[in-house]
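Me: Please go through the backbone and surface features of the model shown here, one question at a time.

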Amino acid sequence: MSYSGSGPNSGSGNTGGAYNAGGGWRNDGGVPPHAFDPDLEPELFRGVLTRRVFAFLIDLFVLSVPVILGYLFIAVFGVITLGLGWALFWLAWPASVIWAIVYYGGSLGGPHSATVGMRVMDLELRTFYGAPGYFVLGAMHAVLFWVSISFLSPFVVLVGLFNGRRRLLHDIVLGTVVINTSVRAPAGQPARTF
């Protein structure tokens, strides 16, 4: 791996053994330290669970609009083709799943490391050592979320109430953390008064 750390501990000679003196990742089996400490920076995790709920609802809307439009197109196309176009309905479900995986993978793996809903709610996905998300991590984040909700019931989201970083079960499994970006954003320059 060749991640040059951007966390607060990169290159500082920490005891975790995962970073070398230049701040680059070493592949010697060491585990990098957590970049975000809820005891030192509690503002990064304040209100994250509530914001995640609203971000999820926004993302659900963003995901459902193209799916609904696709179903409407197939319905109208089936009427025009006297029922032959309705055979495309069997493609709608797999296309919906692929669309969701591409959406989450592309947005969480994009430059903002956040979905549209997360950006609206000032949230950002990071790995536990501070690196931004990438496509496969974003796609797996969505898949594990839906699998955990499906098999373990929606009560699995209560896991976030019992840890300082407000991580859900799929966050813990993947080694990710969701933080407030409004806290990390630098303050703007004051306006000049002449």
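Me: Where is S113 found, and is S113 buried or exposed?
Reply: With residues numbered from 1 along each chain as its sequence is written, in a predicted model where local features need pLDDT of at least 70, side-chain atom pairs count only at pLDDT 80 or more and totals for chains, interfaces and linings use all residues, S113 is found in the loop between helix 2 and helix 3 (116-120), helices being DSSP runs of H or I with at least four residues and strands E runs of at least two, numbered from the N terminus. Side-chain values use heavy atoms, with hydrogens and water left out. Buried means under 20% relative accessible area, exposed over 50% and partly exposed in between, with a 1.4 Å probe and protein chains only. At 1% relative accessibility, S113 therefore counts as buried.

Me: What is the phi of S113?
Reply: Most residues other than glycine have a negative phi. S113 is a residue other than glycine with a positive value, and its phi is near 50°.

Me: Which phi does D122 have, and what is the relative accessibility of D122?
Reply: D122, in the loop between helix 3 and strand 1, is not a glycine, yet has a positive phi of about 60°. D122 counts as partly exposed because its relative accessibility is 32%.

Me: Why is strand 2 described as largely enclosed by the rest of the structure?
Reply: Strand 2 (residues 176-180) runs antiparallel to strand 1 (residues 123-127), and T127 stands opposite T176. Strand 2 is largely enclosed because its buried residues number 5 of the 5.

Notes: Pairing = 2+ DSSP bridges.
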